[in-house]
Structure formats: C-alpha cells, structure tokens
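Please explain the structure shown below in running paragraphs, moving from one helix to the core, the ligand shell and the confidence of the model.

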Amino acid sequence: MNRIRGRRKAVKKTAKAPGGSRPLVFVMIPTYNEKKNIVRLITEIEALAIPRLQLVVVDDASPDGTGQELDRLARSRPHLHVVHRREERGRGTAGIAGFKYALNKKADMIIEMDADFSHHPRHIPEFIRTARDCDIVVGSRFVPGGKDLERGFIRHTITRLANFYIRRVLKIVDVHDCTSGYRLFRRRVLETVKMDNTVSLGPSIVQELLYKAVLLGFEVREIPIVFVDRKQGKSTFSWRIMVQSFLMTAILKFLFSNLRRVEIHDKKPKKSGARRS
Ligand SMILES: Nc1nc2c(ncn2[C@@H]2O[C@H](COP(=O)(O)OP(=O)(O)OP(=O)(O)O)[C@@H](O)[C@H]2O)c(=O)[nH]1
Ligand SMILES: [Mg+2]
C-alpha cells in the first residue's frame, strides 16, 4: 500500500508556542489587483482581535495600485508587513516569498488565504484551534459542513475533477480538498519542505506543498469552510493556468514521489513527548 494518509499518531497538543506564550500567527496573502478587496479584508481580520496575529501581503506590482494602498495601510499598522516584488510575478513564488518572510519573523503558524473573500476570515480562529493537534490545517469545501457557493457549474466541476485527479495521481487519500489555498502550516512544515526546491510558479504550488508535506509525514486535518465566488476584482484564473496545473500534478509525481518520511521533532522540551516517529 503506498497510498498517502495523513498521520493519525498526532503530535501532542502544542497550543502554546515554545516558551509557553501564545503562538505567533502570520496570515499570508498574495495579491494581484486586489485593491477593491484588500482594505476590507485586512480590517475584517483585525476585527477578529486574535492576539499576536500579524499579516504579510505579497504584492507583485499590481497595476491597480494594490501595493500603494497596502503601503498606506501599513503606515499606521505595525502588524501589517508588505512585500513588494517588482521583478517576479506568480501565485506560487509569491506564496513562497510570503512564507519565507513569516519564518524570518519567527512565526509559529502561517495561514495562507486569498484576498478576494473566497476565503472568509471568520474561519481563522478555527484554523488556529485545530492546529493544536496537527501540522497542517486545510480549509475544505468537501467535508461535512463545507460548501462551494455561487460558483458556476463549470468552475465547480473543474474543481471537483481536479481534486479527483490529484487525489488519484498523488494518492492523497485523507485530504478531500487538495486545491484549497486556505490553509495553515505550522512552522516546522515549511522549514522541512525545502521551499527553494519548489517547481510551481503558479497556483499548483497549493498541491505541491501539500504533496511534499504529506510524503514527509506531517499530519493534516481538514476543517469545513464556506467558499464563495469572488465579488470584486478580476480573477487570475485562465484555461492556460488550469491546464498547467493538471500537467504539474503529473510532474510533481515524477519528481517527488521518492520523498520519504522524516523524523519530526517538536521544538518542545522532551518531557512533552511531542516527538514523532
Ligand atoms: N502576488 C501575486 N498574487 C497573485 C498572483 N496571481 C493571483 N494572485 C493572488 O492569489 C489569490 C488567488 O487568485 P485568484 O485570482 O482569486 O484565483 P482563483 O481563486 O483561482 O480565481 P477566482 O476566484 O475566480 O478569481 C488572490 O489573492 C490573488 O490576488 C500573482 O501573480 N502574484
Ligand atoms: Mg479567487
């Protein structure tokens, strides 16, 4: 049997960061032309009043001025970090840049989400709660309580087909929404998955990180989310991107299926028993 299952032997509860304090949580948001969404999104995340929560937004010189809007917001918000990328463009590499930034700032957990309100911020507290017992939390449309609302028949069918295909090809059996970009990673996942070796430039980064993390033995849990189609701003979805993502799944299988589980040690004192074999 070489099907990939999330590990059941969970890490011990590590709700608190090493040292006993609350975890430092970074929300990482890649943006391209999201000026109409980003202010409201940031304010709604702030309204959750989650202690020790920081935001990092990675903008690729959006022509609509998202970057300037972010700079304006950041002037009065020390918890808002803006990464401007002038040379590079792409959802995949932007996400990696954001993860690296958050790790450098000593994040314990990093939540990635889209800027267009398809990923509603109200789910954030549940991500953090669920991460007490696992390494990765995936916001899923396809578990009980999850929903994929207001998407046209075609997009909904593409998402379903993509998940069927990815789960079959990459043999990820325990995750039902492998294309969800609303996720939480504990720090050690991103430290262990070699981010400099990622091959996805675009949205297939979502399945690439999940595939590698599961092969390496990290435990994944899913929580239900209600995914709503974007209301404002312009989609970056295209048929070309969709075909690339399908092809990339086969490439990921070819390149990385030989990754093996690693010994993962929690960064807690030994007596916690938070060690995985
Ligand atoms: N930095 C950066 N962010 C991007 C890029 N492309 C997309 N994004 C962001 O990645 C997230 C997902 O992109 P979307 O355009 O919503 O893609 P989608 O969800 O497949 O498509 P729709 O929901 O139909 O718009 C959004 O926050 C985008 O702003 C990019 O090239 N660079
Ligand atoms: Mg979207």
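Which exposed residues does the face of helix 2 turned away from its buried side carry? In this predicted model, that face bears Arg 72 and Arg 75, both exposed. Helix 2 spans residues 66–75, and its buried residues are Thr 66, Gly 67, Glu 69 and Leu 70. Viewed down the axis of helix 2, these buried residues fall within an arc of 160°, and they therefore line one face of the helix. The cover over the buried residues of helix 2 includes strand 1, helix 1 (35–47), strand 2 and strand 3 (80–84).

Helix 2 belongs to a protein chain with eight helices and 11 strands. Of the 277 residues in the chain, 42% are buried. Considering contacts between residues at least 6 apart in sequence, 82% join residues at least 24 apart.

The interior can be followed through the largest nonpolar core, which has 62 residues. The members that touch the most other members are Val 27, Met 28, Ile 110, Ile 111, Ile 136, Leu 184 and Leu 210. Helix 7, residues 205–215, gives the most to this core, with eight residues. Val 27 offers a specific view of the packing: leaving aside residues up to four places away in sequence, Val 27 touches Ile 45, Leu 53, Leu 55, Ile 111 and Met 113.

The next topic is the ligand. Around ligand 1 there are 19 residues, of which Pro 30, Ala 94, Ala 115, Ser 235 and Thr 236 come nearest. At least two residues of this shell are supplied by each of strand 1 (25–31), strand 2 (53–59) and helix 3 (91–104). Strand 1 and strand 2 are also among the elements that cover the buried residues of helix 2. By residue class, the shell around ligand 1 divides into six nonpolar, five polar and eight charged residues.

How far can the coordinates be relied upon? The protein chain averages a pLDDT of 89, and 87% of the residues score at least 70. Over residues 6–15, however, the pLDDT is below 50, although the model gives this stretch 26 contacts beyond near neighbours in sequence. Residues 267–277 likewise have pLDDT under 50, and for them the model has 18 contacts beyond four places in sequence. Where pLDDT is low, predicted coordinates should not be read in detail.

Terms used
Residues are numbered from 1 along each chain as its sequence is written. Chains are lettered from A and ligands numbered from 1 in the order in which they are written. This is a predicted model: local features need pLDDT of at least 70, side-chain atom pairs count only at pLDDT 80 or more; totals for chains, interfaces and linings use all residues. A residue is near a molecule or strand if its C-beta atom, placed from the backbone, lies within 6 Å of it. Helices (H or I, at least four residues) and strands (E, at least two) are DSSP runs, numbered from the N terminus. Ala, Val, Leu, Ile, Met, Phe, Trp, Tyr, Cys and Pro count as nonpolar, Asp, Glu, Lys and Arg as charged, and the others, Gly among them, as polar. A residue is buried if 20 or more other C-beta atoms lie within 10 Å of its own, exposed if 12 or fewer, and partly exposed in between; C-beta atoms are placed from the backbone. Two residues are in contact if their C-beta atoms, placed from the backbone, lie within 7 Å. pLDDT is the predictor's confidence in each residue, from 0 to 100. The arc is that of the directions from the helix axis to the C-beta atoms. A nonpolar core is a set of buried Ala, Val, Leu, Ile, Met, Phe, Trp, Tyr and Cys residues joined through C-beta atoms within 7 Å.
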